[in-house]
Amino acid sequence: MNNENIKSVISAQREFFKSNRTKDVSFRLEMLNKLKGAVIKYQDDIIKALYDDMKKPATEAYIAEVYIVLNEIDILLKETAKWAKPRRVKTPPVLFSAKSFIYPEPYGVALIISPWNYPFQLLIDPLAGSIAAGNCSVLKPSELAPATSVLIAKMIKEEFDPGFIAVVEGGIESSTALLAEKFDYIFYTGSTSVGRVVMRAAAENLTPVTLELGGKSPVIIDEDANLEIAARRIVKGKFFNAGQTCIAPDYLYVHFSIIDNLNFILKEKISEFYGEDPYVSSAYARIINDRHFSRLSKLISGNVIYGGKTVPAERYISPTIINNATWNDPVMQEEIFGPILPVMPFTDLESVISEINSRPKPLALYYFSNNSAKQEKILRETSSGGVCINDTMEHIISEYLPFGGVGESGIGAYHGRASFDAFSHAKSVLKKSFLFDVKLKYAPYRVSLSALKKILKILS
């Protein structure tokens, strides 16, 4: 789509928004129901497109791309009418003749840009929040997942007025052209490096943003952890979608006294989940494209104690464990975003905390221990977008937990109520009557400063 067409799309959406249709809650609910119906109608096609793009297993595709979206829409259908109502709040005594309210209002025209790793969920999930809040939306699916991009464009075109929701396909040129335009809100999911580009573009128009980014999410396994369960949950989180998940465990810090036992059990669980040869497993995905395959292949070095197999023609990288990794290793220099798991021993939890805190704040942090005091220490002394104690990735499922990053791992959050709030401006409203009009507050001021201080202290 060329620049003129993009301008035309945005112009049409501005006209649609000016009609005030999206401010009607019944319209929002109607559109959410239509979106839900479209997802259900196309769910088999969604799963097929995801397989075509990266051989994503059907079960993983349904759980992570269809179920999560349908669950989000159901929550918004249930709660939007309540969340959209003006909410009365307290009024300080100094404003005794007034009433105070917060009016949630839509921003206007929102741009939503999705990545390739969960190309359906990470576009349609925020779209549901944008609809619930009353915005028009321009969607930019990832060109790196072409089958899913084409399907999304078809689905949206069939179900929605382009003045309300439109899809702009294409590569970097399309993204650049979109970011050159003025939007009222931008929601971006993807890498930290591109997140900086998005934020710079948004700054030109002072456009508010939500940035869902990533980072190296650590896992700490302490000496008292249940190794059988910990290994199962780590393998599940790390190798789901072949490790191509923003909140996947990136690396392990393992207490030195249990590292050999844990490594042994990790190997057992990989074989249990994916068989002796994951290459033939229908439960194991592939790397999205040749560039990422090449990047990941170069990270496989050092003390490889499991896996390490690559098949370039299939973009296959086996589940791989690198033992005794260090921060000087290539695999520890960037977010891995693939099925390679570095393992590092530790002796002292304080040093682990210090090491984590010396690096950019991660999107997620995982700690395995039965010691409640140590759990609280981790929560109190580290900073991350989210935390799971004794599990990995599961916090993303709860609509009651806002999902988002902090620092270099992101700005803002969504899911459930947080999705509605992300796409809404909380407008402060003060209502006063004509019954009282205290003249003391008008010039020329007839009260001394000392008397004014006493009056204000009383009213406070």
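Me: Which residues line the largest cavity?
Reply: In this predicted model, local features need pLDDT of at least 70 and side-chain atom pairs count only at pLDDT 80 or more, while totals for chains, interfaces and linings use all residues. Residues are numbered from 1 along each chain as its sequence is written, and side-chain values use heavy atoms, without hydrogens or water. The largest cavity (a set of points, on a 1 Å grid over the protein atoms alone, where a 1.4 Å probe fits but cannot get out, with lining residues having an atom within 4 Å of a point) is lined by Ile68, Asn71, Glu72, Asp125, Ile396, Ile397, Ser398, Glu399 and His415.

Me: Which helix gives the most to the lining of the largest cavity?
Reply: Among the residues lining the largest cavity are Ile68, Asn71 and Glu72. The helix that gives the most to this lining, with three residues spanned by its range 58-83 (a DSSP run of H or I, at least four residues, numbered from the N terminus), is H3.

Me: How much space lies in the largest cavity?
Reply: The structure holds two cavities of 30 Å³ or more, and the second largest cavity has a volume of about 40 Å³. For the largest cavity, the volume (the space filled by probe spheres set on the points, which are joined across faces, edges and corners) is about 70 Å³.

Me: Which residues line the second largest cavity?
Reply: The second largest cavity, with a volume of about 40 Å³, is one of two cavities of 30 Å³ or more in the structure. Its lining consists of Lys238, Gly243, Thr245, Ala248, Pro249, Asp250, Glu335, Ile336 and Phe337.

Note on methods. 1 Å grid on protein atoms, 1.4 Å probe; cavity = no way out; pocket = protein on both sides within 12 Å on 5 of 7 lines; lining within 4 Å. Helix = DSSP H or I, 4+ residues; strand = E, 2+ residues; numbered from the N terminus.
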